[in-house]
Amino acid sequence: MDILTLDKKKIPNHIAVIMDGNGRWAKKRDLDRVEGHKEGVEAVKRTVKACIEADVRFLTIYAFSIENWARPLAEVESLMELMVFALNSEIEELNRQGVSLKTIGDISMLPKNAKAVLQDCIDRTKNNNKLTLVVALSYGSRWEIVEACKKIASNVNKGEQKIDDICEKTLNDSMCIPDLPDPDLLIRTSGERRLSNFLLWQLAYTEFYFIDKFWPDFQKEDLYLAIYNYQNRERRFGKTSEQI
Ligand code: IPE
Ligand code: IPE
Ligand code: MG
């Protein structure tokens with residue numbers, strides 16, 4: 001699939017990706033799972049480039065879930081180290097490409113140095129506007145929704161929010177990134193067909209695309225094929241086909 005095949009007027013504004021299958025990719029090659037995660041970083045770099053070339057404005061990637069903290073300590077530690085390494089080595093390139101980095105998730109759970117490096121990258125890329133790269137880290141959608149409820153309840157307590165005025169926008173504005181548009185397209189690799197606690201609120205009307213390839217094997221062409229597939233769907237948002 002070539003980028004030229006795509007309809008420039010129907011490029012998804014926001015793509016969300018559940019990058020899955022790093023461990024199985026490694027296992028198939030008799031390698032340690034960490035090798036799969038390292039190769040996964042390369043796939044992230046390719047995907048960021050491909051999004052920029054296609055003029056996608058927001059890319060959200062699921063890098064580490066709240067549930068992933070329950071993995072063996074050695075894997076968790078390697079993932080944290082890998083993230084720090086990748087951020088340090090890619091910050092210049094992100095700036096060159098005009099990428100603004102953001103995160104969603106319970107960052108307070110991250111090791112201190114990872115938190116510091118992450119915050120530094122966020123600060124140093126905040127004025128870029130070609131692509132917003134949102135990294136879901138220590139992220140769980142139920143956690144995010146619970147946090148949003150707490151914020152709203154606290155505002156009600158303080159008399160700053162009337163219960164009758166609570167609407168969908170109130171919840172939207174209480175999420176980790178208030179002004180983030182909903183994803184248009186969700187891609188999950190590795191053949192799994194579930195959300196694994198990812199963006200439950202935001203994916204209400206998102207188009208889903210599943211691909212059997214493991215994340216480290218994900219290529220630019222796979223992204224373009226996903227976009228092509230998306231462009232040939234009819235998003236009705238509850239209306240009839242005739243109304244669209
Ligand atoms: C996705 O790959 C990356 C993370 C969850 C951190 P996995 O590590 O889940 O790989 P599989 O699903 O075990 O193959
Ligand atoms: C989801 O993948 C989280 C990320 C891709 C970071 P998992 O591999 O953790 O999901 P489950 O446990 O198979 O649902
Ligand atoms: Mg997995």
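**Two ligands in a predicted model**

A backbone N or O atom of G23 lies 2.9 Å from an oxygen atom of ligand 1. I start with that contact; please keep in mind that this is a predicted model.

Taken alone, ligand 1 exposes 380 Å², and the protein buries 87% of that. A second backbone contact comes from N22, where an N or O atom of the main chain is 3.1 Å from an oxygen atom of ligand 1. There is also a side-chain contact: a polar atom in the side chain of R71 is 2.7 Å from a ligand 1 oxygen.

Now the surroundings of ligand 1. The residues around this ligand are M19, D20, G21, N22, G23, R24, R33, H37, A63, N68, R71 and L79. Sorted by class, that shell has three nonpolar, five polar and four charged residues. Which helices each supply at least two residues of the shell? They are helix 1, residues 22-28, and helix 2, residues 33-54. Helix 1 gives the largest share, three residues. As for location, ligand 1 sits in the largest pocket.

On to ligand 2. The space that ligand 2 takes is the largest pocket as well.

Around ligand 2 we find I18, M19, D20, Y62, A63, F64, N68, R71, R188, R194 and S196. If you compare the two lists, M19, D20, A63, N68 and R71 appear in both. By class, the ligand 2 shell has five nonpolar, two polar and four charged residues. Which element gives the most to this shell? That is strand 2, residues 58-65, with three residues.

Three side chains make polar contacts to oxygen atoms of ligand 2, and I will take them one at a time. For N68, an N or O atom of the side chain is 2.9 Å from a ligand 2 oxygen. For R194, a polar side-chain atom lies 2.7 Å from an oxygen of the ligand. For S196, the corresponding distance is 2.6 Å, again from a polar side-chain atom to an oxygen atom of ligand 2. How much of ligand 2 does the protein bury? Taken alone, ligand 2 exposes 390 Å², and 78% of that is buried by the protein.

To recap the contacts: for ligand 1, I listed backbone atoms of N22 and G23 and the side chain of R71. For ligand 2, I listed the side chains of N68, R194 and S196. R71 is also among the residues around ligand 2, and N68 is also among those around ligand 1.

Definitions and conventions:
Residues are numbered from 1 along each chain as its sequence is written. Chains are lettered from A and ligands numbered from 1 in the order in which they are written. This is a predicted model: local features need pLDDT of at least 70, side-chain atom pairs count only at pLDDT 80 or more; totals for chains, interfaces and linings use all residues. Side-chain values use heavy atoms; hydrogens and water are left out. A residue is near a molecule or strand if one of its heavy atoms lies within 4 Å of it. A polar contact is a pair of N or O atoms within 3.5 Å; within protein, one must be able to donate a hydrogen and the other to accept it, and residues adjacent in sequence count only if both atoms are side-chain atoms. Accessible areas come from the Shrake-Rupley method with a 1.4 Å probe; for residues, only the protein chains shown count as cover. On a 1 Å grid over the protein atoms alone, a cavity is a set of points where a 1.4 Å probe fits but cannot get out, and a pocket is an open set with protein on both sides within 12 Å along at least five of seven lines; lining residues have an atom within 4 Å of a point. A molecule sits in a cavity or pocket if more than half of its atoms lie within 2 Å of its grid points. Helices (H or I, at least four residues) and strands (E, at least two) are DSSP runs, numbered from the N terminus. Ala, Val, Leu, Ile, Met, Phe, Trp, Tyr, Cys and Pro count as nonpolar, Asp, Glu, Lys and Arg as charged, and the others, Gly among them, as polar.
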